[in-house]
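Student: I want to learn how to read salt bridges in a model. Where do I start?
Tutor: Start with one pair, then ask where its partners sit.

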Amino acid sequence: GPQFGAPESLSQLYYLALKECARTLRFGRRAIFLINDIMLQSVRLSLPAAGLRLLAERHCPIGETKAFIVVTERVEGDLSAESQELGEVARRRFDWESIEGRSEWTAL
């Protein structure tokens with residue numbers, strides 16, 4: 001956010017961080033990120049080149065911050081040529097969510 005710099009200048013930092021995260025993951029393993037809404041588009045755009053596929057994304061307000069949980073999976077190769085549209089797979093419920101979309105406390 002603004003306290004750490006402009007989104008444009010942070011995009012490269014996010015890309016490098018995502019790439020390093022993917023480097024340390026085994027193929028098929030997942031990484032989960034908590035990001036604010038301002039950086040969401042930058043993270044989405046950085047995922048394919050970093051070798052991460054978007055699995056799910058969920059709005060998760062924290063106080064007055066508009067945050068998102070982003071679930072990714074490490075894949076083989078560079079996905080930059082593939083489309084990473086936020087489709088049905090990314091909108092599916094997390095394992096711990098009920099039909100209404102609320103989390104089940106017993107799962108946490």
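**Reading the salt bridges**

Tutor: Take this pair: arginine 23 and glutamate 20 join their side chains in a salt bridge, 2.7 Å from N to O. Keep in mind that the model is predicted.

Student: Where do arginine 23 and glutamate 20 lie?
Tutor: Both belong to helix H1 (residues 7–24). They are three residues apart, about one turn of the helix.

Student: Is arginine 23 buried or exposed?
Tutor: Read the relative accessible area; exposed means over 50%. Arginine 23 has 56%, so it is exposed. Glutamate 20, at 40%, is partly exposed.

Student: How many salt bridges does a search of the whole structure find?
Tutor: Three. Another one pairs arginine 44 with glutamate 57, with the closest N and O atoms 2.6 Å apart. This pair links distant parts of the chain: arginine 44 is in helix H2 (residues 40–50) and glutamate 57 is in strand S2 (residues 52–59), 13 residues apart.

Student: Which class does each partner fall in, arginine 44 and glutamate 57?
Tutor: Buried means under 20%. Glutamate 57 has 9% relative accessibility, so it counts as buried. Arginine 44, at 25%, counts as partly exposed.

Student: What does glutamate 73 form a salt bridge with?
Tutor: Arginine 53; the closest N and O atoms are 4.0 Å apart. Here too the pair links distant parts of the chain: glutamate 73 is in strand S3 (residues 67–74), arginine 53 in strand S2, 20 residues apart. Glutamate 73 is buried at 18% relative accessibility, while arginine 53 is partly exposed at 31%.

Note on methods: Residues are numbered from 1 along each chain as its sequence is written. This is a predicted model: local features need pLDDT of at least 70, side-chain atom pairs count only at pLDDT 80 or more; totals for chains, interfaces and linings use all residues. Side-chain values use heavy atoms; hydrogens and water are left out. Helices (H or I, at least four residues) and strands (E, at least two) are DSSP runs, numbered from the N terminus. Buried means under 20% relative accessible area, exposed over 50%, partly exposed in between (1.4 Å probe, protein chains only).
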